Amino acid sequence: MNYKSTRDINVNVTAAGAISKGLSADGGLFVPDSIPQLSKEKLLSMCDMSYADRAYEVFRLFLNDFTDDEIRHCVNSAYSDKNFATENIAELSHLLTGTYMLELWHGPTCAFKDMALQILPFLLTCSAKKTIDGKKIMILVATSGDTGKAALEGFKDVDGTSIMVFYPEDGVSNMQKRQMTTQEGNNVNVCAVVGNFDDCQNGVKAIFTDEEILAKLEDANTVFSSANSINWGRLAPQIVYYVSSYVQLVKDKEIEYGEKVNVCVPTGNFGNILAAYYAKQMGVPIGKLICASNANNILTDFINTGIYDRNRPFYTTVSPSMDILISSNLERLLYHLTDEDDKLINEWFGSLKASGRYEVNDAVKQKIKDNFYAGCCDDAATKETIKKVFEEYGYLCDTHTAVAYKVYEEYKKATGDDTKTIVVSTANPYKFGYAVYDALGGKDECADEFELIAKLEQLTNTTCPKALADTKNKEIRFTGSAATDKMSGAVLDFLKAQEN
């Protein structure tokens, strides 16, 4: 299997090439040249496998230029009890009959990004040996909160790599910011950006294709790569947990094989729900893909109308990881839905860059409607849902998971569809302690994050994860901030520091 660019079908690279490059030189995203299939026999054989073994089977289909030993090394190194606080890696909590919370936050940074970013360093270093052996890799990351810390944790002190993370200065939670700015490691750097996530993401994409910076990188025997979900090595691991969840439900006798399940995902950059779409196309019996947005409901509008228009207000919400108006991974979906029409992709995304808007054709609109449902909710409804779920089920969820659950409820009312459903839980609630405490009726009078955590623990009879609690005594290492037009300078300064 090789990989093409969404903007030029003549591009043809190996899996290792796609992972090490991160982004195609034409600005497109790498996609597999075909979607591999998982047979009934293969899926049933996974029922009694560990998560690492299931990941191995999925990666073998996508990483054809990796040896079996290399894949085995990657999955075993990433998915172990050393890195995850639960043996199952991805836990399925039963909220009520037929509704399952897929908890993807038992990793070292307490967010779903760990599911991919614990394995990406191994995939990337293995890919680099095949494609750019002898060169160093500088990883650039734009984050809306969770990717940054997970990437920093995954790549800290990894030989031959350095990593720089940009986050929106006022667009992450206090805990997310603290996690990033206290990050340990000699090869890491963190910089706030005066702007929102889209500004961070656009700035990183521009740096990737800046000829002056690329020339200086070449002089330093270094190449760029990405740990965002624009990198196929970040997206492919997310497919695994949808495959794993389905076979786990079969194993647990919650469903019969062949019975469809719906999947509801809180999403901003569209990577998490796109991974579910890939799993469905591979043969996993998934029904409707329910896309949940917060007040930044650009994906809701797009799925319902076929019109993508980022010319709208941007809201800073209590679910900041979804505060996004440019959903990068949507490009991959549209590439597949247009039957790999790179000319259309260039036309639409050229229009997005020029005018902030595009509209897909009727054929694509119908395919979207066949696969997806979309809904959204504001901060007030998010907090109401946190309170309701805790009072009714004793289950404490974060501000992103609450968005998904609220939209799932609305979907059931609107459609009458009672298909069993996996609601994706993307972060531990203590990452967003102020909002969760407020949702439960607590009076937010604490200036100190850790005083509030103690109150939330007492109120809910739950415990803050050690990984978050331990940040209290860590030194804040990174205080820098840059305007969007100064991000490239920050990268060059970091490059010089890494050379010395």
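**Close-up 1. Leu102 faces Val424 across two paired strands.** In this predicted model, Leu102 sits opposite Val424 of strand S15. The two strands involved, S5 (residues 99-103) and S15, run parallel and are joined by 5 bridges. If you would like a place to start looking, pick out Leu102 and then step across to Val424.

**Close-up 2. Strand S10 also pairs with S15.** Here the partner is strand S10, covering residues 261-266, and its pairing with S15 is parallel, with 3 bridges. Cys264 is a handy landmark: its bridge partner in S15 is Val423. S15 thus appears in this view with S10 and in the previous one with S5.

**Close-up 3. Strand S15 is covered on both faces.** How many of the residues of strand S15 are buried? The count is 5 of the 5 in residues 421-425, so the strand is largely enclosed by the rest of the structure. In a regular strand, side chains alternate between the two faces of the sheet. On one side of S15 you will find Thr421, Val423 and Ser425, and on the other Ile422 and Val424, all of them buried. Buried here means a relative accessible area under 20%.

**Close-up 4. Three strands make an open antiparallel sheet.** Follow the strands in the order S2-S1-S3 and you will have walked through this open sheet, whose pairing is antiparallel. The edges are formed by S2 (8-13) and S3 (30-32), each of which pairs on one side only. From one strand to the next, the twist averages 40°. Within the sheet, S1 (residues 3-5) and S3 are held in antiparallel register by 3 bridges. For a residue to look for, try Tyr3, which stands opposite Pro32 in S3.

**Close-up 5. Lys253 has a positive phi in a loop.** Most residues other than glycine have a negative phi. Lys253 is not a glycine, yet its phi is positive, near 60°. You will find Lys253 in the loop that links helix H11 (232-251) and strand S10. Is Lys253 buried or exposed? Its relative accessible area is 74%, so Lys253 counts as exposed, the cut-off being over 50%.

**Close-up 6. Asn461 is another loop residue with a positive phi.** The phi of Asn461 is near 55°, again a positive value in a residue other than glycine. Where is Asn461 placed? Look in the loop between helix H20 (449-460) and helix H21 (466-469). With a relative accessible area of 73%, Asn461 is exposed.

Definitions and conventions
Residues are numbered from 1 along each chain as its sequence is written. This is a predicted model: local features need pLDDT of at least 70, side-chain atom pairs count only at pLDDT 80 or more; totals for chains, interfaces and linings use all residues. Side-chain values use heavy atoms; hydrogens and water are left out. Buried means under 20% relative accessible area, exposed over 50%, partly exposed in between (1.4 Å probe, protein chains only). Helices (H or I, at least four residues) and strands (E, at least two) are DSSP runs, numbered from the N terminus. Two strands pair if DSSP finds at least two bridges between them. Axes are lines fitted to C-alpha atoms, for helices over the stretch in contact, and angles run from 0 to 180 degrees between N-to-C directions.
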